[in-house]
Amino acid sequence: MKLLIALYFFILATIQLGLILGIYHYHRSQSELRPNPYWMGSFIVNILALLIFGSGTLVIQSVQNPEFNFTIANSLFYIAAIFQLLFCKSLIGPISKRLQYSFGLSAIIFMPTFEFLRLYGSYEIRTTFMCAIGIIFFSWQIMMLRRKRRSEPSQQLMYMQYATAVELCFSLGRLEGFSFKRFYYQQDGANSATVDIVDCWAISY
């Protein structure tokens with residue numbers, strides 16, 4: 001099971017790396033066009049996080065007590081989410097220095113916060129924490145994309161909005177999976193295989 005989960009992360013990283021290389025070569029041939037730095041930054045940081053997750057999954061001993069590399073990977077995911085959010089914000093107006101500094105400070109605070117949760121909290125708390133952040137970010141992103149589409153209809157932005165909605169559903173699904181596991185833990189003679197499946201569902205946290 002660990003090998004399959006690691007392979008999943010590596011496949012996602014490979015796909016995103018291919019997209020970046022394709023975008024890079026396209027923009028090299030179109031000298032008047034430049035990729036949005038926030039968009040590219042989100043791609044690159046997300047790839048690094050996926051590679052760390054994939055490598056960490058191969059050697060993880062317990063979902064409840066992951067190693068420090070999972071703190072690094074989750075911190076990179078948080079930074080990638082910030083870049084993606086800033087990209088959407090840049091579509092509807094300039095990004096102030098105050099907003100940039102605020103997100104930068106939040107990224108600095110995030111890492112020791114998650115490390116504290118890794119050391120002293122349960123993986124249920126970490127899952128809830130990450131899902132709450134994801135739900136806030138994805139909802140905010142959808143609102144900005146809708147606002148941009150109202151002023152400037154775009155099929156590409158429509159696809160991005162739908163993709164963000166799917167990510168929002170995944171975050172909600174993780175919370176549902178967590179609730180599902182708690183329910184089974186409370187039942188006498190709960191099926192351990194079922195519990196293990198839900199553990200794997202939240203292994204990235």
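This is a short tour of the structure, going from the whole chain to a few residues worth selecting.

**The whole chain**

Before you click on anything, keep in mind that this is a predicted model. Start with a cartoon view of the protein chain, which has seven helices and zero strands. Followed along the sequence, the pattern reads α-α-α-α-α-α-α. The chain has 205 residues, and 41% of them count as buried. Now switch on a surface: the accessible area is about 12000 Å², with carbon and sulfur atoms supplying 66% of it. How much of the contact network links residues 24 or more positions apart? Among contacts with a separation of 6 or more, such pairs account for 72%.

**Stop 1: a patch on the surface**

Select L4, L7, I11, I15 and L19, and show their side chains. Together they make a nonpolar surface patch of about 480 Å². For a closer look, pick I15, which sits in helix α1, residues 2–29. Its relative accessibility is 47%, so I15 counts as partly exposed.

**Stop 2: the start of helix α2**

Next, select residues 37–59, which form helix α2. This helix has 23 residues and spans 34 Å from its first C-alpha to its last, close to the 33 Å expected at 1.5 Å a residue. Which residue caps its N-terminal end? Zoom in on N36: one of its side-chain oxygens lies 2.8 Å from the backbone nitrogen of Y38.

**Stop 3: W39**

Staying in helix α2, select W39. Is this residue buried, exposed or partly exposed? W39 counts as partly exposed because its relative accessibility is 27%, a value that falls between the 20% limit for buried and the 50% limit for exposed. Leaving aside neighbours within four places in sequence, bring up the residues in contact with W39: I23, F87 and M160. You can also draw a distance from the C-alpha of W39 to that of L86, 47 residues away along the chain; the two atoms are separated by 8.4 Å.

**Stop 4: A49**

Finish further along helix α2, at A49. With a relative accessibility of 0%, A49 counts as buried. What does A49 touch, apart from its neighbours within four places in sequence? Show A73, L76 and F77, and you have its contacts. For a last distance, join the C-alpha atoms of A49 and A73: these residues are 24 apart along the chain, yet the two atoms are separated by 4.5 Å.

Note on methods. Residues numbered from 1 in each chain as written. Predicted model: local features only at pLDDT ≥ 70, side-chain atom pairs only at ≥ 80, totals over all residues. Heavy atoms only, no water. Helix = DSSP H or I, 4+ residues; strand = E, 2+ residues; numbered from the N terminus. Expected span 1.5 Å × (residues − 1). Polar contact = N/O pair within 3.5 Å; in protein donor to acceptor, adjacent residues only side chain to side chain. Patch = residues over 30% accessible without salt bridge, like charges linked within 9 Å, V, L, I, M, F, W, Y side chains within 5 Å. Areas by Shrake-Rupley, 256 points an atom, 1.4 Å probe, with all protein chains shown as cover. Salt bridge = Lys/Arg side-chain N within 4 Å of Asp/Glu carboxyl O. Buried < 20%, exposed > 50% of the residue type's maximum accessible area, 1.4 Å probe, protein only. Contact = heavy atoms within 4.5 Å.
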